[in-house]
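Hi,

Here is the structure I promised to send over. Have a look at it first, and then read on for what turned up when I went through it.

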Amino acid sequence: SAGGWRENRELERTLEHVRFDKDAAENLSDAAVLGLGQKSYLVVVSDEGHDFAVTTLGKDATSKVYDLAELPHKDLGIELPCPKSKVEVDIEAVTIAGDRVFLTGSASLKRKKPKEGDHSGKRLEEIVPGSGAGADWSNYAYELVAREGSGGFPDFELVRALDVRELLLGLPLVATFKEVPSKDNGLDVEGAVVHGDHFYFGL
């Protein structure tokens, strides 16, 4: 419809102001609206690196990029990636409940890619079906608390890292995919929503 087209063009203009690096900008995964006080923001995530972005809405939209690894936090029980590093957290989803923002990784296994000359059966056994965990950081949902900040953008504190892979593999049906890489139809989180006391995952 014409109305839907106008909304899509408005979103496109808003996202033009999100200043991820080149790879991240081409691989946006999800977005959700954060309301703080009288202001609303769009929180945008990419499955490259470990950054996320917040943009204001409307024709005069501006944006700010945050590094997950640089947010203030207490002991989370896990080691975060080094700030500014090229490590991929593989954030696939963002969902918001009040002032809580949840960034969720894919929780998937990665299949090793064969190299030129890898013909032997031994090498194929190492590659197919499962050949090792993905980046540990992609196994988590990261819980942030948003607060009104200076400069027109929110401040965030990283308060918890929940092991989504361990949680989902506790479900008997999902557990059957434990050793299967995502590219071979294994466990792969692609979306998440918080509603009330429940966390819903799209797999």
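Strand 6 and strand 7 run antiparallel to each other and are joined by 5 bridges. Within that pairing, T104 sits opposite A141 of strand 7. Bear in mind as you read that this is a predicted model.

The two strands belong to an open sheet of 4 strands, ordered 5-6-7-8 and paired antiparallel. Strand 5 and strand 8 each have a single partner, so each of these edge strands has one side without a neighbour in the sheet. From one strand to its neighbour the turn averages 20 degrees, ignoring direction.

There is another open sheet, again of 4 strands with antiparallel pairing, and its order is 1-2-3-4. Here strand 1 and strand 4 (63–67) are the edges, pairing on one side only. The twist from one strand to the next averages 25 degrees. Inside this sheet, strand 2 and strand 3 are held in antiparallel register by 4 bridges, and V45 has F52 of strand 3 as its bridge partner.

Now for what lies inside. As a general point, nonpolar side chains in soluble globular proteins tend to be buried together. In this model the largest nonpolar core has 27 residues, and the members touching the most others are F52, V101, L103, Y142, L144 and F156. Two or more residues each come from strand 1 (28–36), strand 2 (39–46), strand 3 (51–55), strand 5 (91–97), strand 6 (100–105), strand 7 (140–147) and strand 8 (155–163). Strand 7 gives the largest share, with 4 residues.

If you want one residue to click on, try L103. Leaving out neighbours within four places in sequence, L103 contacts V45, F52, L68, I91, A93, V94, Y140, A141, Y142 and L144. A second core, separate from the big one, has 8 residues, including A141, L168, L169 and V174.

The aromatics are worth a look too. How many aromatic pairs are there? The count comes to 7. One of them is Y41 with F153, a tilted pair with centres 6.3 Å apart and 35 degrees between the planes. That pair links distant parts of the chain, as Y41 is in strand 2 and F153 is in the loop between strand 7 and strand 8, 112 residues apart. Both of these residues are buried.

Y140 and Y142 make another pair: their ring centres are 6.1 Å apart and the planes meet at 50 degrees, so this pair is tilted. Are these two tyrosines buried or exposed? Y140 has 15% relative accessibility and therefore counts as buried, since the cut-off is under 20%. Y142, at 0% relative accessibility, counts as buried too. There is also an aromatic cluster made of F52, Y66 and F156.

Finally, a few overall numbers for your notes:

- The protein has 5 helices and 10 strands.
- Of its 203 residues, 39% are buried.
- Among contacts with a separation of 6 or more, 56% are between residues 24 or more positions apart.
- The exposed area is about 11,700 Å², and carbon and sulfur atoms supply 51% of it.

Cheers

Key. Residues are numbered from 1 along each chain as its sequence is written. This is a predicted model: local features need pLDDT of at least 70, side-chain atom pairs count only at pLDDT 80 or more; totals for chains, interfaces and linings use all residues. Side-chain values use heavy atoms; hydrogens and water are left out. A nonpolar core is a set of buried Ala, Val, Leu, Ile, Met, Phe, Trp, Tyr and Cys residues joined through side-chain atoms within 4.5 Å. Buried means under 20% relative accessible area, exposed over 50%, partly exposed in between (1.4 Å probe, protein chains only). Contact means heavy atoms within 4.5 Å. Two strands pair if DSSP finds at least two bridges between them. Axes are lines fitted to C-alpha atoms, for helices over the stretch in contact, and angles run from 0 to 180 degrees between N-to-C directions. Rings of Phe, Tyr and Trp (its six-membered ring) pair if their centres lie within 6.5 Å; planes under 30 degrees apart count as stacked, over 60 as edge-to-face and the rest as tilted. Accessible areas come from the Shrake-Rupley method with a 1.4 Å probe; for residues, only the protein chains shown count as cover.
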